[in-house]
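User: I'd like to go through this model with you and ask how each label was earned. Could you set the values against the cut-offs for me?

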Amino acid sequence: MKNFLNEFKTFAMKGNMIDLAVGVVIGGAFSKIVTMIVDCIITPLISLVLSAITGQTSTEALFGELIVGPFPIGQLISTIIDFIITALVLFIIVKSINKLQSIGKNEVEAAAPTTKECPYCKSEINIDAVRCPHCTSEL
């Protein structure tokens, strides 16, 4: 039992697990922000466009109260818009983070080589060497 608890402690305290927990909490808070943006800005804009086309003046008639049978279609449309916006913003954030991480890697990889290969014995030698220390050939 003690071994099991130690394994669980190691698993739970890994960096990836803590990052995942932080991501879930931030994702929940971000979801509330996106829901408010969709409910307060995007849905009224879409309803204005649709009201100009259909002649309906009530925004509730277009999204909020739209029910087909037992299914609230208006809420479904709002939830789909929420998901699309959330996915788009998260995609942009992840893409920018990956780009920032790759910038640091390119500088490290651009370092000049310090060794070369001897054309005769194929051993690795210093880049400034004029004679191979292994086969004594002149380079």
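User: Why is Lys122 called exposed?

Analyst: Happy to help, and please keep in mind that this is a predicted model. Lys122 has a relative accessible area of 53%, and exposed means over 50%, so the label fits. The residue is found in the loop between β3 and β4. Its phi is near 65°, a positive value in a residue other than glycine.

User: What makes Ser123 count as buried?

Analyst: Its relative accessibility is 16%, and buried means under 20%, so Ser123 is on the buried side of that limit. Ser123 lies in the loop between β3 (115-117) and β4 (124-126). Leaving aside residues up to four places away in sequence, Ser123 touches Lys116, Glu117, Cys118, Cys132 and His134.

User: How do you know that Cys118 and Cys121 form no disulfide with each other?

Analyst: The sulfur of Cys118 is 3.7 Å from the closest cysteine sulfur, which is in Cys121. A disulfide needs the two sulfur atoms within 2.5 Å, so this pair is too far apart for a bond.

User: Which cysteine sulfur is closest to that of Cys121, and why is that pair not a disulfide either?

Analyst: The closest one is in Cys132, at 3.6 Å. Set against the 2.5 Å limit, that is again too far for a bond. A search of the whole structure finds zero disulfides.

User: Are Cys118 and Cys121 buried or exposed, or something in between?

Analyst: Cys118 has 0% relative accessibility, and with buried meaning under 20%, Cys118 counts as buried. Cys121 has a relative accessible area of 33%, which lies between the 20% and 50% limits, so Cys121 is called partly exposed.

User: What makes the pair Arg131 and Glu138 a salt bridge?

Analyst: Their closest N and O atoms are 3.1 Å apart. The cut-off is 4 Å between a side-chain nitrogen of Lys or Arg and a carboxyl oxygen of Asp or Glu, so the pair qualifies. As background, side chains of opposite charge can pair when their charged atoms come close. The structure holds one salt bridge.

User: Why do the two partners carry separate exposure labels?

Analyst: Arg131 has a relative accessible area of 43% and is partly exposed. Glu138, at 55% relative accessibility, counts as exposed. The dividing value is 50%, so the two partners fall on opposite sides of it.

User: Why is Ser137 called buried?

Analyst: Ser137 has a relative accessible area of 18%, and the buried class is under 20%, so Ser137 belongs in it. Ser137 lies in the segment after β4. Not counting residues up to four places away in sequence, Ser137 touches Tyr120, Val130, Arg131 and Cys132.

User: And Thr136: why is that one partly exposed?

Analyst: Thr136 has a relative accessibility of 49%, and exposed would need over 50%, so Thr136 counts as partly exposed. Thr136 also lies in the segment after β4, and its phi is near 60°, a positive value in a residue other than glycine.

User: Which residues make the nonpolar surface patch, and what qualifies them?

Analyst: The patch is made by Ile33, Ile37, Ile41, Leu45 and Leu48, and its area is about 470 Å². A patch member needs over 30% relative accessible area and no salt bridge, and nonpolar side chains are joined within 5 Å. One of the members, Leu45, is in helix α2 (residues 15-54).

User: How do you know that Ile85 is in contact with Val38?

Analyst: Ile85 touches Val34, Val38 and Ile42, residues up to four places away in sequence being left out. Contact means heavy atoms within 4.5 Å, so Ile85 and Val38 have heavy atoms within that limit. Their C-alpha atoms are separated by 8.5 Å, and the two residues are 47 residues apart along the chain. Ile85 lies in helix α4 (residues 73-109).

User: What is the overall layout of the chain?

Analyst: The chain has four helices and four strands, which run α-α-α-β-β-α-β-β from the N terminus. Buried residues make up 12% of the 139 residues. The chain exposes about 11,100 Å², with carbon and sulfur atoms supplying 68% of it.

Note on methods: Residues are numbered from 1 along each chain as its sequence is written. This is a predicted model: local features need pLDDT of at least 70, side-chain atom pairs count only at pLDDT 80 or more; totals for chains, interfaces and linings use all residues. Side-chain values use heavy atoms; hydrogens and water are left out. Buried means under 20% relative accessible area, exposed over 50%, partly exposed in between (1.4 Å probe, protein chains only). Patches are made of residues with over 30% relative accessible area and no salt bridge: like charges are joined within 9 Å, nonpolar side chains (Val, Leu, Ile, Met, Phe, Trp, Tyr) within 5 Å. Accessible areas come from the Shrake-Rupley method with a 1.4 Å probe; for residues, only the protein chains shown count as cover. Helices (H or I, at least four residues) and strands (E, at least two) are DSSP runs, numbered from the N terminus.
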